[in-house]
Amino acid sequence: QLQLVESGGGLVQPGGSLRLSCAASGFTRDDYAIGWFRQAPGKEREGVSCISSTGGSKNYADSVKGRFTISRDNAKNTVYLQMNNLKPEDTAVYYCAAEFGATYYGEGYCSQPYEYVSWGQGTQVTVSS
């Protein structure tokens, strides 16, 4: 059974950092890409970042570019989202999702939510002083 588990969320002051983890299990194939999404109260879900199955393609939303870094450790079946210089507007529940077969993304492109086949339960990130 496919399962994604996010961790690493919490409360942080503006300007602080957090590292989110997305651990995958139950996957019978390893060619899965990961997307990070977030949803704040009263707002639509927003794509944050994505990484291809090989790790060779990484893209970011304009709102987080230069502050967030996505990476993956395939030996640990884990994808990370390093978030630096956090702002109050980054406050949201963060979700990771898996998409099979995406070995490459064009520059600036991440798949749409409906293309992902497995989702985690989310982790809360709150940026507040």
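**Disulfides and positive-phi residues**

The disulfide of Cys 50 and Cys 110 is left-handed, because the torsion about its S-S bond comes out at about -90°. This is a predicted model, and in it the sulfur atoms of Cys 50 and Cys 110 sit 1.9 Å apart. The bond links distant parts of the chain: Cys 50 belongs to strand β5 (residues 46-51), Cys 110 falls in the loop between β9 and β10 (118-119), and the two are 60 residues apart. As for solvent, the two ends can be taken in turn. Cys 50 has a relative accessible area of 0%, so this residue is buried. Cys 110, in contrast, reaches 22% relative accessibility and therefore counts as partly exposed, given that buried means under 20%.

That bond has company, as the structure holds two disulfides. The other one runs from Cys 22 to Cys 96, with an S to S distance of 2.1 Å. Here the torsion about the S-S bond is 75°, and the link of Cys 22 and Cys 96 is right-handed. Cys 22 sits in strand β3 (residues 18-25) and Cys 96 in strand β9 (residues 92-100), so this pair ties together parts of the chain that lie 74 residues apart in sequence. Both cysteines of this link, Cys 22 and Cys 96, are buried. With the bonded cysteines of the chain numbered in sequence order, the pattern reads 1-3, 2-4.

Now for the backbone. Most residues other than glycine have a negative phi, so it's worth picking out a couple of asparagines. Asn 77 isn't a glycine, yet its phi is positive, at about 50°. This residue lies in the loop between β7 (68-73) and β8 (78-83). Its relative accessible area is 35%, so Asn 77 is partly exposed.

Asn 85 also has a positive phi, near 50°, and again this is a residue other than glycine. Where does Asn 85 lie? Its place is the loop between β8 and β9. With a relative accessible area of 41%, Asn 85 is partly exposed. Strand β8 thus comes up for both asparagines, since the Asn 77 loop runs between β7 and β8 and the Asn 85 loop between β8 and β9.

Methods: Residues numbered from 1 in each chain as written. Predicted model: local features only at pLDDT ≥ 70, side-chain atom pairs only at ≥ 80, totals over all residues. Heavy atoms only, no water. Disulfide = S-S within 2.5 Å. Helix = DSSP H or I, 4+ residues; strand = E, 2+ residues; numbered from the N terminus. Buried < 20%, exposed > 50% of the residue type's maximum accessible area, 1.4 Å probe, protein only.
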